[in-house]
Structures are given as C-alpha cells and as structure tokens.
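Good morning, and thank you for coming. I should like to take you through one structure, element by element, and then turn to some individual side chains.

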Amino acid sequence: SSSKDTTIKIWDCILSQLIRTLSSHTKSVTCIKWGGEGLIYSSSQDRTIKVWRADDGVLCRTLQGHAHWVNHLALNTDYALRTGAFDPSKGSSDELVTAENDTLKERALQRYTHAKGGRRERLVSGSDDFTLFLWDPEESKKPLARMTGHQALINQVSFSPDGRMIASASFDKSVKIWNGDSGKYIISLRGHVNSVYQIAWSADSRLLCSGSADSTLKVWDLKTKKIMEDLPGHADEV
C-alpha cells in the first residue's frame, strides 16, 4: 500500500501484520507496481520513480526525468501477472480448472515469460508534465524513450495485454496510443469532450474503453481506430 505520508508498506494479508515500511520518497506516493522479478516500483509527487527489492526493502535505484508529479505506472507484464495461468481471451478451460498447483505455476510462468517478449520487464510512467517515459527499470536509470504530444496532464497509462501497445489517458480530452516496444507515437483517439480519467483494454487487445469527465464511456476498435460503441447515461464524471 502507498500513502500521502510518503511511505510504502508491505503487509502479510493472512496475519494482517505489517512486514516492512519502505521510506525514501519525499512527497505523496501515487502508484505502486509489484513486478515479476522481485522488484517493487513506486511513483511519487516528488517527480521520481523508485525501484525497491521486495525481499528486504532495499532501494535499488531512483529513476528521474519527469518535471512534475508522476501520476501512474504500468508494466508490460501487468496482465500476465494479474491473470496468472488463466487467459480470459481464450475463454474457460476445464484442463486448467482441474490442473494441479505445479501445472498452474508452470502455465503462469510461461505466460509471464511470453509477456516479457525475450527482454526484461518494461515500465511506462505518466506525469503532470504532459509526458510519458518508457523504462528498463531492472538495469538502467535512463529512460528508453520520452513520449510527448499530450497537451495536459496524463492521468493513467496502460500496456495492452499483448504488450504491443501503450495507451495514455489525459486531461487534454484524448487517448493516445504508442508502440509498446519503442514508445513511438501511433495515433490519438479523439471523441471525448472533457478530461479522460481512465482506460481499460479488452483481453485480446482489440478494444479499449475510456472513461471521461464528460459522463460517457467510449469503446474504441484499435483496428479501425474509431469509436465502436458510445455508452452515455452517467449523470456525472465517470
């Protein structure tokens, strides 16, 4: 868990006990990600991203480059880490449901390894400085790419489940799509008339849903880059 008190705390969820407190940020911690290589990544309003070793809480490195608050982080392995051995894009599988724990662990590891694409985990960050940075956080303090184009703060970033694309939601009313490997700009999805707060990918990476302060959700087809469905009806910000 992360807090405005500038700390990160690791808990034992079974015993409801505090295991460790990670302290180094100087302002509110805005986002944390627990990666698949035993590392924890945290972003903060102190404009930095910190990489921690989960086993003992040691600070490995600090990633600097953003000129304002860092609001959100995403890993290219987020989807594989969240779904484990199960692939929602392929529906249910009796084979997996009845599999032994060892088999499930092997499947989960295979999906995670595939998500990495033969490389180390990639991290993307979005900031109040209107930019995104693509990082190789396990090894380097320097960003792989600086991604510019938004005209207002970036509220959320997200890798597609297949890791090939990055989506960013901004207060400039747009969602931008970037290449997940190089950070190269692909296209802007425009249709909202107010700030875009959140985005979510479909399991097969074909569709993207965006929620906005204009009180609508929009579903985008990434093949045609057009709105597939417009879901109005909310009386206030989504």
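Over how many bridges do strand β5 and β6 pair, and in which sense? Strand β5, which covers residues 48-53, pairs with β6 over 5 bridges, in the antiparallel sense. Please keep in mind throughout that this is a predicted model.

One pair of residues shows this pairing on the display: Val51 has Arg61 of β6 standing opposite. The two strands belong to an open sheet of 4 strands, whose order is β3-β4-β5-β6 and whose pairing is antiparallel. At the edges of this sheet are β3 (29-34) and β6 (59-64), each of which pairs on one side only. On average, neighbouring strands here are turned by 20° against each other, if direction is ignored.

Let me move to another sheet. Here 4 strands form an open sheet in the order β7-β8-β9-β10, and the pairing is antiparallel. Its edge strands, each pairing on one side only, are β7 (70-75) and β10 (145-147). From one strand to the next, the twist averages 20°. Within this part of the chain, strand β8 (residues 123-127) is joined to strand β9 (residues 132-135) by 4 bridges, and these strands run antiparallel. Gly126 is the residue to find here, with Leu132 of β9 opposite.

Next, a hairpin. Strands β15 and β16 form it, with 5 residues between them. In the turn, Ser205 has a positive phi of about 65°. The two arms, β15 at residues 196-201 and β16 at residues 207-212, run antiparallel and are joined by 5 bridges. For one of the bridge partners, look at Trp201, which is matched with Leu208 in β16.

I now turn to side chains, beginning with Ser188. This residue has its place in strand β14, residues 185-190. Is Ser188 buried or exposed? Its relative accessibility is 18%, and because the limit for buried is under 20%, Ser188 counts as buried. Its side chain makes a polar contact of 2.6 Å with the side chain of Lys176. Another polar contact, of 2.8 Å, joins the side chains of Ser188 and Tyr185. If neighbours within four places in sequence are left aside, Ser188 is in contact with Val175 and Lys176.

Tyr185 leads us to the aromatic residues. A pair of aromatic rings is described by the distance of the centres and the angle of the planes. The count of aromatic pairs comes to 3. How are the rings of Trp178 and Tyr185 arranged? Their centres are 5.6 Å apart and their planes stand at 70°, so this pair is edge-to-face; the cut-off for that label is over 60 degrees. As for accessibility, Trp178 counts as buried, at 1%, whereas Tyr185, at 41%, counts as partly exposed.

The next residue is Asp221, in strand β17, residues 217-221. With a relative accessibility of 15%, Asp221 counts as buried. Which residues does Asp221 touch, if those up to four places away in sequence are not counted? They are Arg206, Leu207, Lys226 and Met228. For Arg206 we also have the separation: 15 residues in sequence from Asp221, and 6.3 Å in space, C-alpha to C-alpha.

A separation along the chain can also be given for Thr113, a residue of helix α3, residues 101-116. Thr113 is partly exposed, with a relative accessible area of 43%. Between the C-alpha atoms of Thr113 and Gly36 there are 9.5 Å, while the two residues are 77 residues apart along the chain.

Finally, the cysteines. A disulfide is a covalent bond between the sulfur atoms of two cysteines. How many disulfides does a search of the whole structure find? The search finds 0. Why does Cys31 form no such bond? The closest cysteine sulfur to that of Cys31 is in Cys13, at 17 Å, which is too far for a bond. Cys31 itself counts as buried, at 9% relative accessibility. For Cys209, the closest cysteine sulfur is in Cys31, and the distance of 19 Å is again too far for a bond. Cys209 has a relative accessibility of 23% and therefore counts as partly exposed.

That concludes the presentation, and I shall be glad to take your questions.

Conventions
Residues numbered from 1 in each chain as written. Predicted model: local features only at pLDDT ≥ 70, side-chain atom pairs only at ≥ 80, totals over all residues. Heavy atoms only, no water. Pairing = 2+ DSSP bridges. Axes fitted to C-alpha atoms, helices over the stretch in contact; angles between N-to-C directions. Phe/Tyr/Trp six-rings, centres within 6.5 Å; stacked < 30°, edge-to-face > 60°. Buried < 20%, exposed > 50% of the residue type's maximum accessible area, 1.4 Å probe, protein only. Polar contact = N/O pair within 3.5 Å; in protein donor to acceptor, adjacent residues only side chain to side chain. Contact = heavy atoms within 4.5 Å. Disulfide = S-S within 2.5 Å.
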